[in-house]
Structure formats: C-alpha cells, structure tokens
Amino acid sequence: MTPLRAATRRGSAVGLALAACLTAIPTAAAASAGPDDGAMSTPGLGRFHHQRLDWHTCTTGPDDTTGQDLDKAGAQCADVTVPLDYTAPRGRTITVAISRLKATDTRHRIGTLLFNPGGPGSSAIGLAPLIRTVMKEAGARYDIIGMDPRFVGRSTPLNCGWPVGTTLFSAGVGRAGFDRQVAFQKDLADKCRATNASVLPHITTRNTARDMDVVRDALGERKISYLGISYGTYLGTVYTQMFPGRYDRVVLDGALDPRRYNPRLMRGVERENDRAIADWAAWAAQRHSTYGLGRTGNQVLATIDRVIAASARHPLTVGTGTETFRLDDTLVPLVVFMGDADDTDEARAALAEQVSILAEAAKGRPTQLSPQFAGALRSMLTDEGAQVGSVQSAILCGDVAAPRDPERYWRDIERSRAAHPVVGPLTNNIGPCAFWDRPREEPTRVRHDVPALIVAATGDPRTPYTGSVALHTMLPSSGLITLKGANRHAIYGLYGSACVDDQVNRYLVTGKLPASDRTCVKPGA
C-alpha cells in the first residue's frame, strides 16, 4: 500500500459511502453569488476575498500526527474566514482550514493546485505531501493546497450527535428491517435539525465552491488548478460552472454525471457492484485453503447469502471485549459493499478476511477482529465517525431534494432485490435526506465547456464509468483516459497504472490534453 493509498483509504473509511436532500429564500439565480450570477454583487464579500492569511505551523498538540507530518514536510496551515451565508456576508462567519506545501521548483512554478478526495466529508488538509509525491516532477512546480471543506475536519465543525458514522445501510431481507430503517433514518434527521438547524441550509457544494474561490483570491491567484476524486469531481464541476475563467488545469478522477447527482447516488450502480463482488468471489475461491469461503466463485457467493440469512435470524457477534459488534442483515451487506471498490490483491484479501470472520460468527464461533476491521466498524457503527457522517449527509441533503415517501423506497428495494439480492436493498434504501428540510438552491447545471482531463475505470463500483463518459460528452473540450478492466474507484496515483499517471502528470506540467482520448489496460492484465 502506497502512503497516498493508505491515507486516502483511512480518510474515506466512512466517506466512500456516498449516501442526500426549497425553503422560501431567493432562487439559485439570486442567491448563488458566483460570477455566473454576480460574483461580488453582494456588498460585504470583498473583505473575505482580500483577507490576509495568518500562516502557522500545522501541529495542534502532541497527539496531532497529521499536523506533525505536515510540519515535517515543510507545509504551513491557515484558517480562511468565509461567510456562513453568502447572501448575508455581514452575518455569522465560519473558518475553512487549509494547508499549503509551496512549490520547490520556483523557477518553473505553474501555480496553485487544490485537492479534494471526495466523500463528501473527507478531509484533505493532511494530504498535500502525498499529492506532491503522486504528481512526481509536476508536484514540485505547484503550491499544493489541502482544503477541509466547510464543516469538515479542522474547519468549523458539524456534529449532529449521531450514534453512527454512516447512513448507508441495507434495508435487510424483509419489510420489518426496512420499517426499522425508516424510523432510524428519521431520528438521525431529527437529531441533526435539533442541534444544527441554523447552519444546515448552508452546508452545500455550491457554498464550498464559493469558499474555494475565496481561498483562491486570498492566496493571490488569478486562477487555480484542481484535482478531484469521486465526489470531488462533482465539486470541481460545480466550481468550473460557477466560476468560469478562474481555473487552470482540472483533473477529475472517477467522475459523477452531474445530472445524476442526488441523495441516492448509489442507486443504479448495482450491476457494477455485482460484477466487482463476483470477481472478488472468483479470487477468493482460488484461495479457499486460506479463507475457507468456497472452492468456486458461486460457492463463495453462496457463503455470503448464508451469512446474510443467518444475520437476519440473529445478529452476528464479532470481536472481543470493547471491540465487540453485533451485525444484522442491514449491516452485513454494508461490509461486503464497502470492500468491493478495490480489486488489488491487498484489498481483496482484507475483504476475504472480513467475510471469513462473518462466516465463523454465523456458525456461532468466537472471532477476533484485525485492527483495520475493528477500526472500520467503529467508524461506521459508533459515534467515533459521527462528524464525518453528519457532514456527509448534510452536504448531500443540502444539495438536492430526496423523495419523501418511504413507500417509494420500498418499491425500489423490492424491484431490485430479485436481480441484486446483496446490494439492491442497500443502494435503494431510505436515508435521512427523506426527512431533511428542502434545499435553498437549485442544483448546478452544466452550461460552460471545460477542458478538463477525466480519468475513469470501466468497472468502477462507486462512480460508474457511464458517469465519466456522460460528463465527457457534456464538456466537449475535455479529454478522457479510460482504464480498462479495473473494478476500482479512484485511479490516479492510487492504483499503480503508469499509463494513467504519466498522462495526467504530463497534462499538469504542459497544460495540454492528450491529442485524443486514451485507453490504458489494468496493470498485470
């Protein structure tokens, strides 16, 4: 595992679960405060764009390993003041935390590059040194900015006091499980409204894009380059549409079709996940002597079915002591789903170990969790991950309205269950956005062409390849690099494809897109 892959996986243990949700104020045309609709027309915004940043060391205390790593790398940190509500800039303010790793090749400096790792809700502040490593020679020519979006990480925080760190659960095998999910998800929404009602309307992707533009101006940059992964591709798309002419080089890895962006992002990716799970099952079958899950792919898939059925009868107890968890049929499919977005041997082995533990628990046998599995379960199933889960849902629910009738979700679950029994009840399940207040702005529409470089894997189980192709079509000047044969979410610098990495880095150095769309082959294929 490369350092960047490790950091990204830790940062998105909860954030990979893409889960989201017009009260009477001005519409998007009047409220968005971007150049497409009056960038600086609202009096009082200038003080944010022209603020002087107080750069300081990044370490906040003796246990702050992220800050220590940033300081060792030579990075500095700052808090950028932004308005909570861009239509009322003289009102309450919040801070957005950033780190900066300055260019070392100052003679050939290109500019500033801002990075977002997705989620939504994933922190980027600690990743600047790792991004520089990934960018190879291009990295030395950029000031690299890690920005924690509003209410994420070190920025002004949001915590709804939830007992869990994710809202992405399966509906289970029957109606009773779904009804419990409806009550649970409503309770999450009610808790967040009760504790944070004043800020929730302002936790949106469009406001994060506005914050990015304040950061750009505060850094003294006329334009800024951008690298976004997963949800970060949607944020990048929104920024380029709201602020045309204020970006330089744009890389979008695992792109979302902005027309499909909504709280039910996982709905429609069942086939890609079924394929990824089937390919993993074939891999695990070849290692039956290690994991004991079955000698053929079908036998491994049957083991998963048996484990889910057992967890529906009685929740499975896994782990020991304080690291003990009970997993029912709303949780077991989540474990499988969270492990299928990476087809490297290392990731497949981790999922096989986890399913093996679940299979043992289904037989009533004691189990012991690896530190990684225990950490993932803590992040998802306890309040340890509540801040990440809270802000992830707040962004998705604040961006686009979700269907409100629980019966609609139930019908979708039942339609999907026959063909996709493991992932269908999860990807179609209800979430807190069904009970959220409606967004104050309309979603962003693509109206401006952008010469971005889009990177996509054909088997991506999170942001399917069709989304990248769709965005490429919507942006005629863009380029597309396809990685063929990989069931992997996030490619550039994370997967070991020299074909992909070299073309992206060449673009970041020269600013020139490949002469034509390129296709790379999965490493080792």
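**Reading the overall fold and one buried residue**

Biologist: What does the radius of gyration of the protein chain say when it is set beside that of a compact globule?

Modeller: For 525 residues a compact globule would have a radius of gyration near 24 Å, and the protein chain in this predicted model has 22 Å, which agrees with that expectation. Taken along the principal axes, the box filled by the C-alpha atoms is roughly 65 × 50 × 50 Å.

Biologist: How many helices and strands does the protein chain have?

Modeller: The secondary structure comes to 19 helices together with 11 strands.

Biologist: What percentage of the residues is buried, and what supplies the exposed area?

Modeller: Of the 525 residues in the protein chain, 59% are buried, while the chain exposes about 20100 Å², with 51% of that area supplied by carbon and sulfur atoms.

Biologist: How many positive and negative side chains are there, and how far apart do the centres of the two sets lie?

Modeller: There are 60 positive and 53 negative side chains in the protein chain, and the centres of these two sets lie 2 Å apart.

Biologist: Turning to a single residue, is I98 buried or exposed?

Modeller: A residue counts as buried when its relative accessible area is under 20%, and I98 is therefore buried, with a relative accessibility of 0%. This residue, I98, has its place in strand β2, which covers residues 93–101.

Biologist: Which residues is I98 in contact with, leaving aside its neighbours within four places in sequence?

Modeller: With those neighbours left aside, the contacts of I98 include L53, W55, I125, M147 and V215. As for L265, 167 residues from I98 in sequence, its C-alpha is 28 Å from that of I98 in space.

How values were computed:
Residues are numbered from 1 along each chain as its sequence is written. This is a predicted model: local features need pLDDT of at least 70, side-chain atom pairs count only at pLDDT 80 or more; totals for chains, interfaces and linings use all residues. Side-chain values use heavy atoms; hydrogens and water are left out. Helices (H or I, at least four residues) and strands (E, at least two) are DSSP runs, numbered from the N terminus. The radius of gyration is taken over C-alpha atoms; the globule rule is 2.2 Å times the number of residues to the power 0.38. Buried means under 20% relative accessible area, exposed over 50%, partly exposed in between (1.4 Å probe, protein chains only). Accessible areas come from the Shrake-Rupley method with a 1.4 Å probe; for residues, only the protein chains shown count as cover. Lys and Arg count as positive and Asp and Glu as negative; His and the chain ends are not counted. The place of a charge is taken as NZ of Lys, CZ of Arg, CG of Asp or CD of Glu. Contact means heavy atoms within 4.5 Å.
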